[in-house]
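Here is a short report for a first look at a protein chain. It begins with open space and then turns to the chain as a whole.

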Amino acid sequence: MPEEPDAPLTIALAEYEHLREASRAIDDQTTARFTFFLTVATAATAVSAGLVTTGTPAGAVRPTVLAGLGVLVLLLGSAVFARQVELNARGRRYAVAATVLRTYLARRAPDLAPYLMMPTLDDPGPFAPEPFRRHWLRDLVGQAGTIGLINSVVVAVAAGAGLAAVAPGWLAVVAAVAALAGSVAVHLAVVRRRVAQSARLVGEVLARRADLHLDVDPVHEPFARK
């Protein structure tokens with residue numbers, strides 16, 4: 001007599017496969033957008049450097065071209081930055097969902113639990129990713145943070161160049177540094193605020209799932225992404 005199919009296990013494995021594919025799609029999208037932005041920014045920088053060093057075109061055309069390139073990079077950078085932040089938040093949700101399913105599988109087969117290297121709700125595992133609450137420098141050097149840095153450099157150059165036309169050089173430098181620091185702080189605040197929102201959402205969702213029997217603070221679970 002054939003054994004009856006294990007419906008809960010079948011559903012869990014199908015859902016886990018779906019989450020794996022969704023996470024892969026998120027990674028592909030974030031990498032593609034990051035690479036595209038870096039390509040555009042690098043090309044704009046090369047063109048700008050060529051215009052500055054060769055002195056062509058002459059007159060008022062060159063500043064206009066440089067300003068146009070700067071605006072293009074900044075607009076594109078702002079759009080890609082916002083999209084990266086949102087995709088990273090979505091990826092964190094997928095990571096949490098996959099971890100919950102791994103917890104279910106580990107609890108079904110306790111003998112298998114020691115061999116699971118990735119985290120579960122009962123065991124963070126040896127290869128757990130970074131927690132939600134992490135040092136600000138890690139957010140700054142991620143993909144979204146790097147885009148924010150490039151945006152900030154463009155803002156600083158624009159502020160310095162604009163002020164240099166009507167004020168002493170030292171004042172233009174001070175303004176550029178201040179604009180750089182302020183823009184970096186704004187971009188970093190956006191990233192960290194989104195991560196904090198994700199952490200609160202994860203904590204609220206897991207706290208409502210009484211069947212999970214959590215003995216830890218879900219906000220500290222290692223579900224963060226780049």
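In this predicted model, the largest pocket holds about 530 Å³ of space. A pocket here is an open set of points on a 1 Å grid over the protein atoms alone where a 1.4 Å probe fits, with protein on both sides within 12 Å along at least five of seven lines. Its volume is the space filled by probe spheres set on the points, which are joined across faces, edges and corners.

The largest pocket has 19 lining residues (an atom within 4 Å of a point). Nearest its centre lie S48, L66, G70, V154 and V157. Two or more lining residues come from each of α1 (7-54), α2 (61-108) and α4 (143-164). The biggest share is that of α2, with 8 residues.

The second largest pocket has a volume of about 440 Å³. Of its 15 lining residues, A97, V100, V205, L206 and R209 are the closest to its centre. Both α2 and α5 (169-208) supply at least two residues of this lining. Again α2 gives the most, here with 7 residues.

The table splits both linings by class. Nonpolar covers Ala, Val, Leu, Ile, Met, Phe, Trp, Tyr, Cys and Pro; charged covers Asp, Glu, Lys and Arg; the others, Gly among them, are polar.

| Pocket | Volume | Lining by class |
|---|---|---|
| Largest pocket | about 530 Å³ | 16 nonpolar, 3 polar, no charged residues |
| Second largest pocket | about 440 Å³ | 10 nonpolar, 1 polar, 4 charged residues |

Now the whole chain. It has 5 helices and 0 strands (DSSP runs of H or I with at least four residues, and of E with at least two, numbered from the N terminus). Of the 226 residues, 33% are buried (under 20% relative accessible area, 1.4 Å probe, protein chains only). The chain exposes about 13100 Å² by the Shrake-Rupley method with a 1.4 Å probe. Carbon and sulfur atoms supply 68% of that area.

Contacts are heavy atoms within 4.5 Å. Among those between residues at least 6 apart in sequence, 73% join residues at least 24 apart.

How confident is the predictor? The average pLDDT, a confidence from 0 to 100 for each residue, is 85. A score of at least 70 is reached by 88% of the residues. Over residues 216-226, pLDDT stays under 50. Where pLDDT is low, the predicted coordinates should not be read in detail.

Residues are numbered from 1 along each chain as its sequence is written, and side-chain values use heavy atoms, leaving out hydrogens and water. Local features need pLDDT of at least 70 and side-chain atom pairs count only at pLDDT 80 or more, while totals for chains, interfaces and linings use all residues.

Methods. Buried means under 20% relative accessible area, exposed over 50%, partly exposed in between (1.4 Å probe, protein chains only). pLDDT is the predictor's confidence in each residue, from 0 to 100.
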